[in-house]
Amino acid sequence: MEKLVAMKAPLLRLHCKRAFDLLFAAAALAVASPLLALAAAAIRLRLGSPVFFRQRRPGLNERCFEIVKFRTMREALDPSGRPLPDAARLTKLGRFLRSSSLDELPELWNVIRGEMSLVGPRPLLPEYLPRYNQHQRRRHAVRPGITGWAQIKGRNALSWEEKLDCDVWYVDHQSLLLDLRILWLTLLAVLLRRGISHEGHATMPEFVGTAKAIPQHD
């Protein structure tokens with residue numbers, strides 16, 4: 001009997017997390033709808049179409065989905081046809097949307113669709129997948145989140161190794177109470193505008209992999 005209860009506990013936790021995600025995301029979309037409309041109008045006026053930024057990202061078990069965010073960068077290419085660095089494409093409006101995290105609000109739709117959770121490791125680029133070591137790949141054992149442990153521990157001010165270590169820590173310690181704590185601390189981090197960019201970069205440098213061994217936890 002005890003073994004059966006132990007087996008059912010993770011499944012029950014998963015169902016509770018999904019129910020919480022659905023209720024919170026639906027309520028947040030309803031409440032934030034005027035803000036979403038205002039942000040969309042501002043982007044359309046300042047940057048033109050498209051208003052939304054869509055990109056394939058790996059999610060649970062590394063299955064890819066299309067993430068939806070507000071567009072924050074202008075389209076600008078160098079002479080060879082490659083996009084200019086983020087700092088050259090990020091507009092004043094885009095900086096405001098990113099610093100206030102308003103650009104992330106459309107991801108609530110990804111939560112409702114079941115592709116993301118409110119809390120979990122941030123979904124990164126597909127080309128990063130072969131660059132993770134065995135430890136770092138464990139971040140994909142849960143649904144990616146709009147916010148996560150790495151976001152309240154420093155966001156883009158952290159190194160890649162620190163961020164990925166935080167993601168795996170969340171996988172091993174996830175709970176509804178932890179999610180509530182992270183959501184509350186995320187609100188504080190947004191209000192204080194902390195960790196918006198990595199030192200010397202407009203956002204984050206590219207992740208090129210790490211040879212670091214599996215981290216040791218206290």
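This passage describes the confidence of a predicted model, the surroundings of Arg122 and a cavity that Arg122 helps to line.

The predicted chain has a mean pLDDT of 86, and 86% of its residues reach a value of 70 or more. Confidence is not even along the chain, however, since pLDDT stays under 50 over residues 213–218, a segment for which the model has 5 contacts beyond four places in sequence. Where pLDDT is low, predicted coordinates should not be read in detail.

Arg122 is located in the loop that runs between β3 (117–119) and β4 (145–147). Its relative accessibility is 11%, and because this value lies under 20%, Arg122 counts as buried. The side chain of Arg122 reaches the backbone oxygen of Gly145 at 3.0 Å, and Gly145 also appears among the residues that Arg122 touches when those up to four places away in sequence are not counted. That set further includes the charged residues Lys69, Glu104, Glu107 and Arg139, together with Ile67, Met116, Pro144, Ile146 and Gln151.

A search of the whole structure finds 2 cavities of 30 Å³ or more, of which the second largest has a volume of about 40 Å³. Arg122 belongs to the lining of this second largest cavity, as do Pro121 and Pro123, along with Pro58, Gly59, Arg139, His140, Val142, Arg143 and Pro144. By class, this lining comprises 5 nonpolar, 2 polar and 3 charged residues. Arg139 and Pro144 thus appear both among the residues touched by Arg122 and in the lining of the second largest cavity.

How values were computed. Residues are numbered from 1 along each chain as its sequence is written. This is a predicted model: local features need pLDDT of at least 70, side-chain atom pairs count only at pLDDT 80 or more; totals for chains, interfaces and linings use all residues. Side-chain values use heavy atoms; hydrogens and water are left out. pLDDT is the predictor's confidence in each residue, from 0 to 100. Contact means heavy atoms within 4.5 Å. Helices (H or I, at least four residues) and strands (E, at least two) are DSSP runs, numbered from the N terminus. Buried means under 20% relative accessible area, exposed over 50%, partly exposed in between (1.4 Å probe, protein chains only). A polar contact is a pair of N or O atoms within 3.5 Å; within protein, one must be able to donate a hydrogen and the other to accept it, and residues adjacent in sequence count only if both atoms are side-chain atoms. On a 1 Å grid over the protein atoms alone, a cavity is a set of points where a 1.4 Å probe fits but cannot get out, and a pocket is an open set with protein on both sides within 12 Å along at least five of seven lines; lining residues have an atom within 4 Å of a point. Grid points are joined across faces, edges and corners, and a volume is the space filled by probe spheres set on the points.
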